[in-house]
Every structure is written in C-alpha cells, then in structure tokens.
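Student: I've got a structure to go through today. Can we take it step by step?

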Number of protein chains: 2
Amino acid sequence: MQKNKKRQIKKSRQILLDNNIPITKPRMLVLGILLKNEGPLKVEDIIKLSRGKLAVSSMYRIINNLKNLNLINEFQTLENTKMIELADVKDEHHHHIFCESCGAVYDFEVDSHIEKELEKEIIKIKSKYDIIVKSHSLELLGLCKTCRDK
Amino acid sequence: MQKNKKRQIKKSRQILLDNNIPITKPRMLVLGILLKNEGPLKVEDIIKLSRGKLAVSSMYRIINNLKNLNLINEFQTLENTKMIELADVKDEHHHHIFCESCGAVYDFEVDSHIEKELEKEIIKIKSKYDIIVKSHSLELLGLCKTCRDK
DNA sequence: TATTATTTGAGAATGATTCTCATTCCTGAA
DNA sequence: TTCAGGAATGAGAATCATTCTCAAATAATA
C-alpha cells in the first residue's frame, strides 16, 4: 500500500495548498490520519495513531483549524464523545448511526428522493420559524449487529 | 399562575411515583424547573434557576438519574453545550434547530407524511446495515431570525 | 541562506463533570 | 406517629477533556 500512502500525502498537501495554510509536519500528520482511516475518529484515536509524534495541544489546535475551514466535521456520540471526520469532499450528504451499546458510529446515506423530501420540508420549516438553515443531519440511535447478537 | 405551579408539583410527583423513585426535594426541584421552562435548558440554566437550593453535584446526579429512566433527553449544541429537556410524555416526535451564531436551540416537528417517509427509509437502513434502530432525530443548523437580521 | 511571522511542544490553567464520604432525608414497619 | 435502615444529598476534592501561554522550532519568502 505504499502507493496509497503517497496518494494520501499528495492529497493532504493539496488540501493545505488549496486553503492557503502552511504545510507543516503536524498538519500533514493529522490529515494523513484522517485520510487513512475513513469515517469518524475519536480525538483519543487520533492521539494514539499519531504515536507521540504530535503534542496533544497541537492536535486540538489543528483540528480547530481544519474545522474552521470546514475541512472536517465534528459531532458527538451518545456518550458525548467528540468524533472527527474529514468533510466529504464530494459533498455527498451523509448521516450518522450511533450504537448505544458499544458507541460505534457509522455513516449512512438515504435515498435521493428522501433527501429531496427532507429538503422540501426544511424549506417549510425555514419559513415557519423564519430562520436560515445551512445544513441538516439525520441521526439514528440503536444497536449495531455485534451488540444486538450479544 | 399558582394553579399552574400546583399542577407542576403534582406532575413531578407523579413522574417519580410512576418510576418508583423516592420523592425528594432536589428531584422535585429539578423536575419542576424542567416542567416550568418548556424546551431545552443548559445545565448552567438549571443551576441558576435552582437559586442555590441545589448542590451542583446533586443536580448532575439527578439529571443522570432521569436520563437513565428516559425521562429526559440530552443533546449537544454546536458549541458542545449540553442541553437537557424533559422527554416528551405525549411521545410526539420532535427534532432540533441550532442557531450557529447565538447557540439558541428550538424544537420542531415535521409533517406526518415526512415522518412516515423517514420511518420507511429507516426500515431500509435497518436491513442494509443489519442494525436495530431505536430512535431518530433530524438536526438543522442555521441562523435564527435575530441573528440573521444583524 | 537569512529574515520574519507562524506554528509547535510542554505543561499550566480552566471548566465541566464525577467521585467520595459524612450527614441528612425518605419510606415502610411497628 | 415514631423509628431504623437504606438511599440521597451537599461540599469539596479529583478527574478528564480542552484551551491557554510562551519560549523554541519551523515554514514561506526574498
């Protein structure tokens, strides 16, 4: 998977260039970790995966950086654990499933016609509450396969 | 509104009786605050509204109590502020709107046909991911009227 | 390569939440 | 109504995640 790694480095670099942020080792490291591990990660996971190559304070700073540039999404699990994931570059809209037993988090997408229905409904809600809606997310709570089988 | 208050006390008491929890002053106080102030409250708000009649540690304990009994819902705002609200006894399903500027949180409901569509979609997701889904929630993010007008 | 502003690392500081344990308070039995 | 025993509470210490501070290291740029 050497090739894959090179692609990740290239991509990380490109993300930073595109956003006019200096390319530094810590930033490349965090982006690399997020690119390599698809789907949401705990802060704790990122710290582990960086294997001491990154100060905890720097990691928080970098995460906040990337969040402000909308390059990553942040959300909370049921147990209030903060989860971090790269914002979907392709802009596919996805939602989250939380397992209330083991705390696992999965992304999912809904049928495009449901997305459209949701968007129509959101337009109604906008006018009803007289607000601007910038984004939406459907969150499911339940039991994953593994926990259900226990 | 004396009458209203009595109704609240009665209701708080009933909630505790129904759930076989001893009726204590601190629990009545927390329930009273949640019943009186419809919609989500910050932990901080509950502390203020209890005006020193309740130890902070007790308040957290009581909130966790009620949460474990599914009597209250807990969720996070954008700024990661924990919000507490009484679970809807009538079991009307509601969702949340977050204002990303001032942090306000509002509840809303969607048309029943959308709820039905969502439920159908969730059944599909259940089988696709082979999970048990216990609840769902739609979260909107945007700007409230006041912040928009600024 | 030298300059300068920016970023980083390390640990202190903060803030929210949980824990501990002595005291107080409910509840159910007499 | 009183009492005993178990459960809940208050106060503050302890913990945990996150942010802050500032001297040292690093990146962009000329």
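Tutor: Sure, a definition to begin: Ala, Val, Leu, Ile, Met, Phe, Trp, Tyr, Cys and Pro count as nonpolar, Asp, Glu, Lys and Arg as charged, and the others, Gly among them, as polar. This is a predicted model, where local features need pLDDT of at least 70, side-chain atom pairs count only at pLDDT 80 or more, and totals for chains, interfaces and linings use all residues. Residues are numbered from 1 along each chain as its sequence is written, chains are lettered from A and ligands numbered from 1 in the order in which they are written, and side-chain values use heavy atoms, leaving out hydrogens and water.

Student: How many nonpolar residues does the surface near DNA strand C have?

Tutor: "Near" means that a heavy atom of the residue lies within 4 Å of the strand. That surface has 5 charged and 5 polar residues, and its nonpolar count is 9.

Student: Which atom of DNA strand C is 2.5 Å from an N or O atom in the side chain of A:Ser58?

Tutor: This is a polar contact, a pair of N or O atoms within 3.5 Å. A:Ser58 is also among the residues that come nearest to the strand. Its partner atom at 2.5 Å is a phosphate oxygen.

Student: What is the strand order in the open sheet of chain B?

Tutor: Strands are DSSP runs (E, at least two residues), numbered from the N terminus, and two of them pair if DSSP finds at least two bridges between them. β2 and β3 run antiparallel, joined by 5 bridges. β1 and β2 each have a single partner strand, so they stand at the edges. The order is β1-β3-β2.

Note on methods
Helices (H or I, at least four residues) and strands (E, at least two) are DSSP runs, numbered from the N terminus. A polar contact is a pair of N or O atoms within 3.5 Å; within protein, one must be able to donate a hydrogen and the other to accept it, and residues adjacent in sequence count only if both atoms are side-chain atoms.
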